[in-house]
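I opened this entry to keep a record of what I looked up in the structure, beginning with a contact between charged side chains and working outward from there.

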Amino acid sequence: MRNIARIVVQVLIGVFFVWHALSVSLYAIPMISKDPLLRPLRDTSMKLIAPYMLSLSQWQQWNLFSPDPLRHVTQYRIERQLSTGQWEVLESLTPAMFGPLRLSTHFKMYIGMLERDSDTYRPAVLRHFLLAYCESHSLPSDTPVRLIYSRYSITKPSSFLAAFHADPWPPHPQQESSDPAFCD
Amino acid sequence: MRLLLRLQAFLFSPISAQGFGLMRISWAGIVLLIFLAQWMDITHFYSEQGVLPFDYEKLVIRNVYRFTLLDFITDPAAVFALYLSFLLCLILTMLGPWPRLTMILSVVLMYSFNERNPLILGGGDTVLRLVGFLLCVAPTLRAFSLARLREQWQHWRTARTYLPSLTMPLWVYRLLLWQIIVLYTSSVWFKMLGTMWENGTAVTVALQLEPFIRWPHGVMAFVIFLAPFITLLTVAFEAVWVLLLFPRSFTRWLIGWEFQPHLKRWLLLAGVLFHGGIFLVMDVGSFSLAMLVAYTGLLLGEDFEAIRKWLNAHWFTNCFHLYKLKTNPSTPLRARNVKLIQVFYDGDCGLCLRSIFWLGILNNLHRLSFLNFRDEVLRLREAPEIALADLDRAMHVRFPDDTVLKGFDASRRLTWHLPALWVAAPFLYLPGVAPIGRRIYAKIAARRDRCRHEGCVL
């Protein structure tokens with residue numbers, strides 16, 4: 001009896017082993033890949049493996065600094081418009097605000113929430129983010145608040161040899177503004 | 001039938017459970033560090049009054065196959081209380097009084113926080129989630145735990161020996177190795193979908209990405225000079241991991257050599273340098289530390305033995321010959337030219353026996369030998385020059401260079417040979433510590449006859 005139970009357990013573990021290994025492999029196939037065989041295989045298998053992988057928080061795409069590293073660097077500024085029409089800085093979101101253990105967490109969040117080319121950018125979320133400053137700075141209602149992106153791009157080296165040299169320093173950022181949100 | 005037996009061996013051969021024990025401790029430690037760093041931001045990231053309230057969370061995050069306790073616990077005070085419970089769970093997971101229970105609770109809570117606000121997550125958090133899951137399903141987590149320590153003490157009290165090292169079946173190790181190979185292979189695949197990793201220019205750009213670089217621009221300009229080589233080495237390092245998929249029997253048949261254990265150790269060492277280098281130069285969240293956590297799970301008994309041999313080769317010339325002694329066992333250890341650290345203890349003293357138990361538990365490098373000086377024959381053979389009265393006053397330790405130390409000084413020097421105490425060792429040499437340590441030792445030693453195994457009234 002004990003032997004039968006042991007064999008049953010081993011068979012179940014074996015099935016789980018194959019299932020988990022296969023699910024991990026298929027889910028990790030790059031979503032942006034255009035491979036004619038593997039990409040359709042991933043897409044087809046999603047119906048089966050996605051519930052398992054997502055429910056157990058095993059989702060994974062290994063695209064850190066890939067396919068090509070990020071090439072623009074952005075700092076953020078929240079401004080409000082005065083009655084004179086001029087814009088005043090409420091807060092600058094710069095690396096100096098955060099210690100080393102908080103920096104990457106906050107900037108990852110800003111990239112996800114505030115950058116228009118991010119998959120998770122939503123205008124409503126940006127608006128909510130800006131309106132939070134109305135409350136924290138006790139701004140009167142109907143005060144316009146906006147986000148300024150101060151952004152510069154790193155030149156893509158043209159070749160392997162060109163990569164031995166860094167871009168000239170300091171860079172010259174370009175400014176871009178979001179649509180304003182109006183305090184409630 | 002032969003196939004079934006080979007499958008059974010493939011999945012269920014026993015391996016040392018120590019790697020996963022270390023991985024449990026390091027996983028909990030790194031997750032604790034990451035979440036402690038969020039102390040000031042917990043309600044901002046995870047509560048209803050934070051940056052992503054429930055109505056906006058729905059717009060950004062998937063709503064299917066997602067579970068988080070924080071969809072039900074939304075009040076800032078309650079969220080913070082849950083966070084404190086999580087930190088406590090992680091500390092208990094590290095210590096291991098109830099390893100399985102605390103591991104599962106820690107993973108559930110970590111997943112809850114991660115799923116509540118995925119915007120702050122990076123690759124390191126993904127690695128920690130994957131490793132956490134494997135730890136939850138691992139057959140045993142008791143290595144290097146308080147639970148195991150309890151079992152060891154109960155056994156040692158009666159048998160004066162230690163329980164054999166814990167083992168577990170191979171399958172969960174293979175899942176971890178498979179996951180790491182998939183990680184690196186998929187990473188190479190992603191890199192090849194662009195152009196900059198192929199032409200060696202990717203790291204040059206990455207090292208200019210403020211706010212992720214740690215050093216001033218002048219320092220980074222020097223590192224950028226090496227960037228093209230680092231780019232190509234990165235891709236090569238990640239691609240080579242797939243060679244570990246080749247079975248040992250296949251490579252033994254093909255080229256007459258099982259290169260996998262050696263390759264794995266070199267890859268682990270290269271990985272420590274690779275991820276450690278990234279950690280030193282850039283702030284990419286927890287990815288570097290998370291990968292080092294995953295690496296600990298790949299350590300097998302043969303790897304621990306290789307590390308032990310390598311470390312011991314620097315201090316002992318003959319230690320590794322201990323198990324191949326050809327001389328008469330009654331010949332004194334010194335005469336056999338085997339250089340172990342000899343610890344002389346009082347076998348009639350309860351406190352001393354308890355101390356020896358702890359030294360044996362911490363003796364991971366197998367450098368210590370324990371000799372009961374109450375055994376007259378043993379004492380006259382191994383320590384004829386030390387008077388019985390002196391041995392009775394304090395623990396004596398003879399080191400391979402024939403130095404004999406006693407009491408606090410002996411204990412202090414022993415810490416250099418016990419890996420778990422390496423962190424504490426330098427502090428014992430601070431000014432003022434030695435006089436205090438000697439006084440305390442002398443007081444305890446004078447009263448030790450009041451101690452038995454079951455209790456100690458000093």
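I started at a pair of charged residues in this predicted model, where Arg102(A) forms a salt bridge with Asp41(B) and the closest N and O atoms lie 2.8 Å apart. I noted that side chains of opposite charge can pair when their charged atoms come close. When I searched the interface of chain B and chain A by the rule, I found one salt bridge, while the structure holds 27 salt bridges over all chains. Arg102(A) sits in helix α3 of chain A and Asp41(B) in the loop between α2 (18-36) and α3 of chain B, so this pair joins two chains.

Next I looked up the interface as a whole. I found 74 residues of chain B in contact with 73 residues of chain A, and the area buried between the two chains comes to about 6,900 Å², with carbon and sulfur atoms giving 72% of that area. For polar contacts between chain B and chain A, I recorded a count of 17 residue pairs, with both residues at pLDDT 80 or more.

Which elements give two or more residues to the side of chain B that touches chain A? I listed α1 (2-12), α3 (42-46), α4 (54-60), α6 (99-116), α7 (123-137), α9 (171-192), α10 (202-206) and α11 (217-240) of chain B. The largest share of that side comes from α9(B), which gives twelve residues. Sorting the side of chain B that touches chain A by class, I obtained 45 nonpolar, 19 polar and ten charged residues.

I then turned to the disulfides, of which a search of the whole structure finds two over all chains. I followed the one that joins Cys134(A) to Cys183(A), with an S to S distance of 2.0 Å. The torsion about its S-S bond is about -80°, so the disulfide of Cys134(A) and Cys183(A) is left-handed. This pair links distant parts of the chain, with Cys134(A) in helix α4 (residues 123-136) of chain A and Cys183(A) in the segment after β5 (181-182) of chain A, 49 residues apart.

I also checked the backbone of chain A at two places. A cis peptide bond joins Ser66(A) and Pro67(A), with omega about -5°, and I placed Pro67(A) in the loop between α2 (38-55) and β1 (72-81) of chain A. At Asp142(A), a residue other than glycine, I noted a positive phi near 70°; Asp142(A) is found in the loop between α4 and β3 (144-153) of chain A.

Last, I looked up the confidence, and the model scores ipTM 0.92 and pTM 0.90. Chain A averages a pLDDT of 89, with 98% of the residues scoring at least 70, and chain B averages a pLDDT of 89, with 92% of the residues scoring at least 70. Among the elements of chain A, helix α3 (residues 100-114) has the lowest mean pLDDT, 86, and helix α1 (residues 2-27) the highest, 94. In chain B, confidence is lowest in helix α12 (residues 248-255), at a mean of 80, and highest in helix α5 (residues 76-95), at 98. I kept in mind that where pLDDT is low, the predicted coordinates should not be read in detail.

Methods:
Residues are numbered from 1 along each chain as its sequence is written. Chains are lettered from A and ligands numbered from 1 in the order in which they are written. Side-chain values use heavy atoms; hydrogens and water are left out. Contact means heavy atoms within 4.5 Å. Buried area is the accessible area (1.4 Å probe) that two parts lose on being put together, summed over both. A salt bridge is a side-chain nitrogen of Lys or Arg within 4 Å of a carboxyl oxygen of Asp or Glu. A polar contact is a pair of N or O atoms within 3.5 Å; within protein, one must be able to donate a hydrogen and the other to accept it, and residues adjacent in sequence count only if both atoms are side-chain atoms. Helices (H or I, at least four residues) and strands (E, at least two) are DSSP runs, numbered from the N terminus. Ala, Val, Leu, Ile, Met, Phe, Trp, Tyr, Cys and Pro count as nonpolar, Asp, Glu, Lys and Arg as charged, and the others, Gly among them, as polar. pLDDT is the predictor's confidence in each residue, from 0 to 100. A disulfide is a pair of cysteine sulfur atoms within 2.5 Å.
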